[in-house]
Amino acid sequence: MQYATAHRAEYRLVWWVLADSPEAIETGLAELAFRLHPDVQVIANQAEAAGWALVWLQSHDGWLLVLDNVEHRHHVARLLGQLSRGHVLITTRRDVGWEDITDGCLRLEVLNPADAAALLTRLSGQTDPGTAGVLAGSWGACRSHCSRPEPICGRPAPQ
């Protein structure tokens with residue numbers, strides 16, 4: 001999220017897709033189509049809208065697509081092969097098997113609750129560290145099953 005925010009001015013479009021299943025990816029791409037062209041909601045079903053978004057991404061450059069929480073590489077491998085005009089950033093808890101379909105991975109350690117609370121407070125601009133601590137604690141509890149660092153993988157557009 002921090003990369004997307006920090007580099008927002010470099011992209012004409014930044015789109016975040018929950019990518020923990022093929023259905024979620026299709027939904028996220030369909031939502032992109034609806035945002036880019038609201039009439040698509042009237043004339044296309046979800047699968048058709050997702051296809052429309054894919055064509056848009058294939059024919060435009062200067063975009064960043066964040067595929068968040070990818071569970072299995074095969075859910076995104078075909079999609080990555082079809083996208084070459086923008087940038088794709090993948091977040092995943094799976095830390096192996098990405099080397100041949102990405103240009104690199106950055107492994108991030110899971111933040112401890114105090115650091116997570118400080119980060120949430122700083123990024124949100126809020127001044128209530130107590131609420132940030134509660135949020136960070138519940139976030140950590142949801143992620144406690146992940147004891148390994150989380151990789152963030154990316155693939156820039158070919159030059």
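At 1.5 Å a residue, the 15 residues of α2 should span 21 Å, and the end C-alpha atoms of this helix are indeed 21 Å apart, which agrees; the expected span is 1.5 Å times one less than the number of residues, and helices (H or I, at least four residues) and strands (E, at least two) are DSSP runs numbered from the N terminus. The model is predicted, so that local features need pLDDT of at least 70 and side-chain atom pairs count only at pLDDT 80 or more, whereas totals for chains, interfaces and linings use all residues. Residues are numbered from 1 along each chain as its sequence is written, and side-chain values use heavy atoms, with hydrogens and water left out.

Within α2, the buried residues (under 20% relative accessible area, with a 1.4 Å probe and protein chains only) are Ala24, Ile25, Gly28, Leu29, Ala30, Leu32, Ala33 and Phe34. Their cover, judged by contact (heavy atoms within 4.5 Å), includes β1, α3 (40-43), α4 and α5.

The largest nonpolar core, a set of buried Ala, Val, Leu, Ile, Met, Phe, Trp, Tyr and Cys residues joined through side-chain atoms within 4.5 Å, has 28 residues, and those with the most contacts inside it are Leu57, Trp63, Leu65, Leu67, Val76, Leu83 and Ile90. Two or more residues each come from β1 (13-18), α2, α4, β2 (63-70), α5 and β3 (87-92). A second, separate core of 6 residues includes Ala4, Tyr11, Leu64 and Leu89. Not counting residues up to four places away in sequence, Leu67 touches Val17, Ala19, Val76, Leu79, Leu80, Val88, Leu89, Ile90 and Thr91.

Definitions and conventions: Buried < 20%, exposed > 50% of the residue type's maximum accessible area, 1.4 Å probe, protein only.
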